[in-house]
Amino acid sequence: MKARRLILAVIIVVAAVALQTTFFASIRLFNAAPALVVLVVIAYARHLPAEYALGLAFFAGFLEDLLAESALGLWALVMTTAAYFVLRFRDRLEDDFSLLGPFVFGVTAGALALFSVVGTIFGEKTLADAGIVRKILLPSLYNLLLAALILPFITWTLGVARRRSAAFKI
């Protein structure tokens, strides 16, 4: 049972990375796209044990690094950091969307800001872009809207409702 859910999680992460690097690379509302992979990482980090959540986040970021032509390890660092942040605060959040929505917005904005800073350090020149604030806030807003769909879907695929340890009991 655990292996099947883990395989399903990997498939969903691969699908999210594929959508992010293909579909959302060409379809951009107001010149910005949702950070779908960050949202999926946030959704899984809410329920998985820390080891699985961090490993899945690193895998998602590394896969996005490979497909998005960014510096190798940059997205992996950002996704792992976002998952770690979610792990630190997930016990304080309930399934109430009035708490989860702003949390998703903040984690997404923080992840994109971290990507901009670290990307600039490694030569991506993202902080030199004049529309950097828009490129951080619009994907965060899109993730806030998509969270109403993605978070319950990930919870459903893991087979957990409120008991976090039911899906991947160690």
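The following exercises, with worked solutions, concern a predicted model.

**Exercise 1. The largest pocket**

Determine the volume of the largest pocket, the residues nearest its centre and the elements that line it.

*Solution.*
Step 1. The volume of the largest pocket comes to about 720 Å³.
Step 2. Its lining consists of 29 residues, and those nearest the centre are Q20, R28, W75, L112 and F115.
Step 3. Two or more lining residues come from each of α1 (2-26), α2 (36-45), α3, α4, α5 (97-121) and α6 (132-158).

**Exercise 2. The enclosed space**

State how many cavities of 30 Å³ or more the structure holds, and identify which helix gives the most to the lining of the largest cavity.

*Solution.*
Step 1. Searching the whole structure yields 1 cavity of 30 Å³ or more.
Step 2. The largest cavity encloses about 30 Å³.
Step 3. Its lining is formed by V13, V40, V41, Y44, A45, L48, A53, L56 and A57.
Step 4. Both α2 and α3 contribute at least two residues to this lining; the greatest contribution, 4 residues, is that of α2.

**Exercise 3. The setting of L54**

Locate L54, classify it as buried, partly exposed or exposed, and list its contacts beyond four places in sequence.

*Solution.*
Step 1. L54 belongs to helix α3, which spans residues 50-68.
Step 2. The relative accessible area of L54 is 26%. Since buried requires under 20% and exposed over 50%, L54 is therefore partly exposed.
Step 3. Once neighbours within four places in sequence are set aside, the contacts of L54 are T80, A83, Y84 and L87.
Step 4. A distance of 23 Å separates the C-alpha atom of L54 from that of A148, a residue 94 positions away along the chain.

**Exercise 4. A nonpolar surface patch**

Name the residues of the nonpolar surface patch of about 500 Å², and explain why L72 satisfies the accessibility condition for patch membership.

*Solution.*
Step 1. The patch is composed of F58, F62, L66, L67 and L72.
Step 2. L72 is situated in the loop that joins α3 (50-68) to α4 (74-89).
Step 3. L72 is exposed, its relative accessible area being 59%. Patch residues must have over 30% relative accessible area, so L72 meets this condition.

**Exercise 5. The salt bridge**

Find how many salt bridges the model contains, and describe the exposure of D129 and K135.

*Solution.*
Step 1. The count is 1 salt bridge.
Step 2. D129 pairs with K135, and their closest N and O atoms are 2.5 Å apart. This distance lies within the 4 Å limit, so the pair qualifies as a salt bridge.
Step 3. D129 is partly exposed at 29% relative accessible area, and K135 is partly exposed at 31%.

Note on methods
Residues numbered from 1 in each chain as written. Predicted model: local features only at pLDDT ≥ 70, side-chain atom pairs only at ≥ 80, totals over all residues. Heavy atoms only, no water. Patch = residues over 30% accessible without salt bridge, like charges linked within 9 Å, V, L, I, M, F, W, Y side chains within 5 Å. Areas by Shrake-Rupley, 256 points an atom, 1.4 Å probe, with all protein chains shown as cover. Salt bridge = Lys/Arg side-chain N within 4 Å of Asp/Glu carboxyl O. Buried < 20%, exposed > 50% of the residue type's maximum accessible area, 1.4 Å probe, protein only. Contact = heavy atoms within 4.5 Å. 1 Å grid on protein atoms, 1.4 Å probe; cavity = no way out; pocket = protein on both sides within 12 Å on 5 of 7 lines; lining within 4 Å. Points joined across faces, edges and corners; volume = space filled by probe spheres on them.
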